[in-house]
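Student: Got a minute to go through this one with me? I'd like to start with what counts as buried and what counts as exposed.

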Amino acid sequence: MGISLMYYLLVSGGLFALGLLGVLIRRNPLLLLLSVELMLNGANVALIGFSRHWNSTDGQVFALVVMVVAAAEVVIGLGLIVAVFRQRIALDVDGMDHLKG
Amino acid sequence: MNIAATPLIILIATAALALVPALVGPVRFRRDAPPALALLGLAAAGVMSVLLWGDRRATFYEAFRVDRLTVLLTLVFVVSGILTVLLSLREPAGVDRRPEYYCLLLCAVAGMTLVAGAADLIGMFLGIEILSVALYVLCALEVWRERSLESGLKYLIVGAVGSALLLYGLTFLFGVTGTTSLADIALRVDARDLGGESLLLGAMVLIIAGLGFKAGAAPFHMWAPDVYEGAPTPITTFMATAVKAAALAAFLRIFGAALIDVIDDWKTPIAVIAALAIVVGNVGGLMQSSFKRLLAYSSIAQAGYLLIGVATGTLDGATAVLFYIIAYTAMTVGAFAVMVIREREVEDGQSIAALAGLGRSNPIVAAVATICLLSLAGFPPLAGFIGKFMLFGAAADADLVWLAVVGAVGSVISLGYYLRPIYAMWAEDSRPEHARSLDPGAPVLFVVLMSGLGVLAMTGGAHWVTEVCRAAAESLIAP
């Protein structure tokens with residue numbers, strides 16, 4: 001028998017929590033993107049674990065879809081960050097305060 | 001071939017097609033073809049979905065279901081898309097980045113349709129991501145404007161966190177039920193055939209938070225005013241109407257149908273979020289001097305009103321949500337269209353001060369704006385009042401009297417800021433420094449008139465619209 005579901009969930013929860021922590025305390029948009037990726041991949045690990053647990057392939061298909069989505073999000077994110085950099089705005093989300101009422 | 005997917009296929013195909021004219025043909029063709037294609041595609045998708053009105057059809061291996069609810073919401077998305085295209089015709093982003101602008105807009109509408117008809121967790125997540133990713137880019141499409149970029153990047157980061165929370169929730173939902181099909185999830189939940197009750201609770205909390213981010217409901221609303229202000233105004237219109245409707249569709253599909261048997265577990269959290277959104281939106285709106293930010297706070301409060309209907313979990317509640325979504329779309333598009341006009345006519349057109357004297361210089365536009373704002377505030381007998389009445393009534397029937405009271409008090413507070421632009425339009429004199437007089441263009445005036453007529457038609461024909469909404473709400477729980 002393989003690894004029990006609990007270990008999958010522990011790793012997944014750890015990754016997700018790490019990502020969430022990163023989103024909350026980091027200020028650089030690149031690192032924020034990185035943290036969001038950690039959260040998505042944490043979910044992926046859980047999906048694979050549940051997929052094995054239920055002996056169904058649905059979770060694996062879901063994980064593949066999530067990978068594509070995550071890639072699309074990173075592409076857009078990096079594109080935006082490059083565009084911001086060209087406008088010479090400091091790469092610090094606290095400095096983004098043009099929009100405030 | 002199964003015809004259920006035709007609206008979706010038309011939207012995606014037109015989105016791809018809208019990119020082609022950029023490569024070939026004379027300048028005029030390159031300029032006019034993408035918006036024309038977008039309008040055609042949206043209209044065709046709308047007509048096709050009307051033809052699909054009727055009993056449930058499923059396609060994509062049961063991952064996409066077309067029932068009356070899907071058709072009704074698709075129509076809302078398509079109409080909102082058409083009005084956005086008309087508002088965009090002379091916008092800098094719409095002119096400078098024509099092909100990708102309309103391609104992304106169509107992709108977003110396709111994603112929303114996928115959400116509205118989702119019968120499977122994978123399809124729902126994919127739909128939400130398609131619409132979100134398209135909108136991240138649309139917000140930032142005026143790359144020469146710092147605020148537009150900032151708005152896009154903020155939306156991307158907050159939206160991605162929301163997506164991650166939603167995804168983790170959906171993962172747990174799959175984990176406790178062992179299936180991704182919403183219908184099978186409903187069966188397992190009904191039979192209490194679950195892998196862990198506490199995991200289900202976690203799943204619900206995460207899904208509510210994730211969808212709350214997408215709908216812009218408090219306490220997940222922080223991004224909304226900034227993003228709405230920085231994005232090109234037609235895109236803001238689209239976000240405030242169609243995206244909100246799509247998030248509510250996801251709420252209805254997951255909580256109103258799949259998880260309806262554990263309503264006791266999610267009723268209070270959703271009710272609390274609704275109340276918070278109403279309070280935060282309406283109090284925040286009082287302090288704004290920018291008309292655009294004012295409407296952003298208004299949209300937070302409106303998300304709260306809509307969530308009241310979700311929290312009831314009843315047929316009446318779902319009917320009221322659908323009615324209010326339609327009415328809200330008409331009134332919000334009207335208010336934003338007036339702002340698009342002022343942006344073109346005067347400097348600093350996004351401020352409330354820019355509206356001064358509009359009642360004298362352009363009484364028809366000012367009248368439509370007044371109707372739309374009063375309707376948003378829930379002034380009787382307008383459509384917004386009817387919708388709120390239905391929502392509060394459903395809440396009272398579902399033992400949520402306190403929520404109905406919060407909603408009613410919130411509506412009264414909201415008059416405090418909805419009346420300010422109205423006062424500026426009719427009672428203040430226009431300021432000479434605002435004069436710039438650029439012709440706003442016929443399409444925008446058309447949008448203003450259509451939304452004004454829409455609100456009045458919803459007011460007069462509320463009975464028939466309610467019938468349609470009820471039929472759609474019934475299909476939510478039909479097998």
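Tutor: Sure. A residue is exposed if 12 or fewer other C-beta atoms lie within 10 Å of its own, and buried if 20 or more do. Keep in mind that this is a predicted model.

Student: OK, so is B:Val27 buried or exposed?

Tutor: B:Val27 counts as exposed, because it has 7 C-beta neighbours inside 10 Å. B:Val27 sits in helix 2 of chain B, residues 27-51.

Student: And how far is B:Val27 from B:Leu166?

Tutor: Their C-alpha atoms are separated by 44 Å, with the two positions 139 residues apart along the chain.

Student: What about B:Gly284, buried or exposed?

Tutor: B:Gly284 has 22 C-beta neighbours inside 10 Å, so it counts as buried. You'll find B:Gly284 in helix 12 of chain B. From B:Gly284 to B:Ala296 is 12 residues in sequence and 9.6 Å in space, C-alpha to C-alpha.

Student: Switching to helix 18 of chain B. How far does it reach from its first C-alpha to its last?

Tutor: It reaches 38 Å with 27 residues (401-427), close to the 39 Å expected at 1.5 Å a residue.

Student: Where is the kink in that helix centred?

Tutor: On B:Leu415, and the kink is about 30°.

Student: Which residues of helix 18 are buried, and what covers them?

Tutor: Among the buried ones in helix 18 of chain B are B:Leu403, B:Gly407, B:Gly410, B:Ser414, B:Tyr417, B:Tyr418 and B:Pro421. The cover over the buried residues of helix 18 includes helix 12 (263-285), helix 13 (291-312) and helix 17 (383-397) of chain B.

Student: Which residues touch the most other members of the largest nonpolar core?

Tutor: That core has 233 residues, and those touching the most other members include B:Leu106, B:Val115, B:Ala274, B:Ala277 and B:Leu307. Helix 14 of chain B, residues 315-345, supplies the largest share of this core, 20 residues.

Student: And what is B:Leu307 in contact with?

Tutor: Not counting neighbours within four places in sequence, B:Leu307 is in contact with B:Ala217, B:Ile270, B:Ile273, B:Ala274 and B:Ala277.

Student: Now chain A. What's its secondary structure?

Tutor: Chain A has 3 helices and 0 strands. Of its 101 residues, 37% count as buried.

Student: How many residues does each chain put into the contact between A and B?

Tutor: Chain A puts in 33 residues and chain B 36. On the chain A side, helix 3 gives the most, with 14 residues. By class, that side of chain A has 25 nonpolar, 6 polar and 2 charged residues.

Student: Any backbone oddities? Where are the cis peptide bonds?

Tutor: One joins B:Ala218 and B:Pro219, with omega about 0°, and B:Pro219 is in the loop between helix 9 and helix 10 of chain B. Another joins B:Pro380 and B:Pro381, with omega about 5°. B:Pro381 lies in the loop between helix 16 and helix 17 of chain B.

Student: What's up with phi at A:Asn55?

Tutor: A:Asn55 has a positive phi of about 55° although it is not a glycine. A:Asn55 lies in the loop between helix 2 and helix 3 of chain A, and is exposed, with 7 other C-beta atoms within 10 Å.

Student: Last one: how confident is the predictor?

Tutor: Chain B averages a pLDDT of 91, with 97% of the residues scoring at least 70. The model scores ipTM 0.90 and pTM 0.94.

How values were computed:
Residues are numbered from 1 along each chain as its sequence is written. Chains are lettered from A and ligands numbered from 1 in the order in which they are written. This is a predicted model: local features need pLDDT of at least 70, side-chain atom pairs count only at pLDDT 80 or more; totals for chains, interfaces and linings use all residues. Helices (H or I, at least four residues) and strands (E, at least two) are DSSP runs, numbered from the N terminus. The expected span of a helix is 1.5 Å times one less than its number of residues. The bend at a residue is the angle between axes fitted to the seven residues ending there and the seven starting there. Two residues are in contact if their C-beta atoms, placed from the backbone, lie within 7 Å. A nonpolar core is a set of buried Ala, Val, Leu, Ile, Met, Phe, Trp, Tyr and Cys residues joined through C-beta atoms within 7 Å. Ala, Val, Leu, Ile, Met, Phe, Trp, Tyr, Cys and Pro count as nonpolar, Asp, Glu, Lys and Arg as charged, and the others, Gly among them, as polar. pLDDT is the predictor's confidence in each residue, from 0 to 100.
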